[in-house]
Structures are given as C-alpha cells and as structure tokens.
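Trainee: Could we go through this structure together? I would like to begin with the sheets and then turn to single residues.

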Amino acid sequence: MKRFLFNLMVIALMGFAHVTFAQNETSYPRNSEMRYFDENNQPISQEVFDQKKWDHGLLDLEGDSINHMILVHRVNRGTIEDRLALDSVLFLATKQEIDPHKPLIIIYYPGKDRCNSSGMATRKSTRRWYEILEKRTNNKAASNFVYLYKDSTGLYGRNDGYKSWHKDHRRIIENMFFKRHYPCYSFVVISEKGEYLSYFGEFPKDLIWEAVEALTD
C-alpha cells in the first residue's frame, strides 16, 4: 500500500492529475456565484481551492449544484462485505466467468466527457494499451478483468473484436464505487477477501499494477 501511495504522489507531482486535466480549468463556469468546497465538503475560497487541487493532485468536480465545485481525493480504500455476491452480479451482467480466488479489476467508463473525447488514440494503440495492461497485470497476479460503462456514448472500440464492454445495469458498480462522474475512466481492484482500492479519473497502467500488488502482498 505504501508503494502504491508513493507512486500515486509521484504521478500527481509530475502533473498527471491533468496533464490529465489542464482542460479542467475551463470545464465549469467561474463566476461570482460559484462556491468552492474542499475534500471534506468545507467551503473555501477559489484561490485555496485551486492551490489544494494542484498541490495534492485532487480532482475538481461539479457538486450537487452547477454553482458548486468540490475537491475529491483520487484514491479510496475499503472492504466490501460479500465478494462472491458481487461476482454473481457481474456474471449476470456480462456472462463472464469470474474466479473468486483471483483479484477482480473493474474498468469503468462514465460516459463521454472532455477528458475521454480528446487525444490521438487509434484502434491499434488502444488495443495495444489493453494488451499490455492485462498481460503485465496477470504476470503479477492472475486476475479477472471486467469492463463496464454507464453510458456508451463516445466509448472508443466498444465490442469491436478486441474488448467487450458491458452496461452497468441498475448502476450497481456506480453506486458502490463511482458515485460521481469522474473524468475519462476509473478503476477498482478488489481482492479475494473483498478489500479494494479504487482510483478516480484518468490513470496510467502502472497504478493498476501497483494496486494489485498492494492487495495481494
């Protein structure tokens, strides 16, 4: 876990939190009626908001109102009560056999947004990205991969012969792990015992590898 968090900090300091989200500065209106909240839902000034975001690699998201902006930690850790029940739900949704003794990795697409609709990815490069992701993950620990979406609009390469994406029916995974629309994609890694690490927003492959190691050491 310490290694995972250290690598996360390095990525944030190198600007991945956008690099990932340089565009985020203009994603939402900035006006005199806008209110800003920190990661503990406490009101703060816009200046403090912006400083905390970049200093700590936090996400800035629209809150419960279009005039509210909130900061969100990118990593969450916890435990689910019944991993086998979750495996059963995913099998019904995907018809994909899931080995309960292997880590479960869910990649989640929330729907089209500014982050996942930009870039220069091609079908070939996208295929290669997933090939490397799964191969290196399985080299560390043989794992189950499940690809889910809330809204398939703009989902590149969906079901075109190299990766199958399935709808998050009844929004079960969204309500368990991804309660807000986090930009691009997110992931959660769940151990055999139900311990999990989730990461919100665009991510490099390395973070999945580190999360698997943190939960299987």
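**Sheets, core and selected residues**

Mentor: Six strands form an open sheet in the order β5-β10-β9-β6-β7-β8, and their pairing is mixed. Please keep in mind that this is a predicted model.

Trainee: Which strands are at the edge of that sheet?

Mentor: The edge strands are β5 and β8, the latter covering residues 166–167, and each of them pairs on one side only.

Trainee: And how do β6 and β7 run, parallel or antiparallel?

Mentor: β6 and β7 run parallel, and six bridges join them. One example is I105, whose bridge partner in β7 is F145.

Trainee: What holds paired strands together in general?

Mentor: Strands of a sheet pair through backbone hydrogen bonds, in either a parallel or an antiparallel manner.

Trainee: What is the strand order in the sheet that contains β4?

Mentor: That open sheet has four strands in the order β2-β1-β4-β3, with mixed pairing. β2 (43–44) and β3 stand at its edges with a single partner strand each, so one side of each has no neighbour in the sheet.

Trainee: How does β3 connect to β4?

Mentor: A hairpin of five residues joins β3 to β4. β3, which spans residues 59–62, runs antiparallel to β4, and four bridges join the two. Among the bridge partners, L61 is matched with I70 of β4, and E62 is matched with M69 of β4.

Trainee: What about the pairing of β1 with β4?

Mentor: β1, residues 35–37, runs parallel to β4, with three bridges between them. F37 stands opposite I70 in β4. Thus I70 is met twice here, as it is also the bridge partner of L61.

Trainee: And β1 with β2, how many bridges are there?

Mentor: Two bridges join β1 to β2, and these strands run antiparallel. In this pairing, Y36 stands opposite I44 in β2.

Trainee: How many residues of β4 are buried?

Mentor: Four of the five residues in β4 are buried, and the strand is therefore mostly covered.

Trainee: Let us change topic. Which residues touch the most other members of the largest nonpolar core?

Mentor: They are I107, W165, Y185, F187 and I208, in a core of 27 residues. The elements that contribute two or more residues to this core are β6, α4, β7 (144–149), β9, β10 (195–199) and α6 (205–216).

Trainee: Which of these elements gives the most?

Mentor: α6 gives the most to this core, with seven residues.

Trainee: Now the cysteines, please. How many disulfides does the structure hold?

Mentor: The structure holds one disulfide. It joins C115 to C184, with a distance of 1.8 Å from S to S. The two cysteines are 69 residues apart, and the pair links distant parts of the chain: C115 lies in the loop between β6 (104–109) and α4 (123–140), and C184 lies in the loop between α5 (172–177) and β9 (186–190).

Trainee: What kind of bond is a disulfide?

Mentor: A disulfide is a covalent bond between the sulfur atoms of two cysteines.

Trainee: Is this one left-handed or right-handed, and why?

Mentor: The torsion about the S-S bond of C115 and C184 is about -85°, so the disulfide is left-handed.

Trainee: Are C115 and C184 buried or exposed?

Mentor: Both C115 and C184 are buried.

Trainee: Where is R74?

Mentor: R74 lies in the loop between β4 (68–72) and β5 (75–79). R74 is buried yet has no salt bridge.

Trainee: Why does E202 not count as a salt-bridge partner?

Mentor: A salt bridge requires the charged atoms to be within 4 Å. E202 has the nearest side chain of opposite charge, and it is 6.4 Å away, so no salt bridge is counted for R74.

Trainee: What does the side chain of R74 make a polar contact with?

Mentor: The side chain of R74 makes a polar contact with the side chain of Y199, at 3.3 Å. In addition, the backbone oxygen of E202 lies 3.2 Å from a polar atom of the R74 side chain.

Trainee: One last residue: is T79 buried or exposed?

Mentor: T79 is exposed, with a relative accessible area of 55%. Its place is in strand β5. T79 and K193 are 114 residues apart in sequence, while their C-alpha atoms are 8.2 Å apart in space.

Technical notes: Residues numbered from 1 in each chain as written. Predicted model: local features only at pLDDT ≥ 70, side-chain atom pairs only at ≥ 80, totals over all residues. Heavy atoms only, no water. Disulfide = S-S within 2.5 Å. Buried < 20%, exposed > 50% of the residue type's maximum accessible area, 1.4 Å probe, protein only. Lys, Arg positive; Asp, Glu negative; His and termini not counted. Polar contact = N/O pair within 3.5 Å; in protein donor to acceptor, adjacent residues only side chain to side chain. Pairing = 2+ DSSP bridges. Core = buried A, V, L, I, M, F, W, Y, C linked by side-chain atoms within 4.5 Å.
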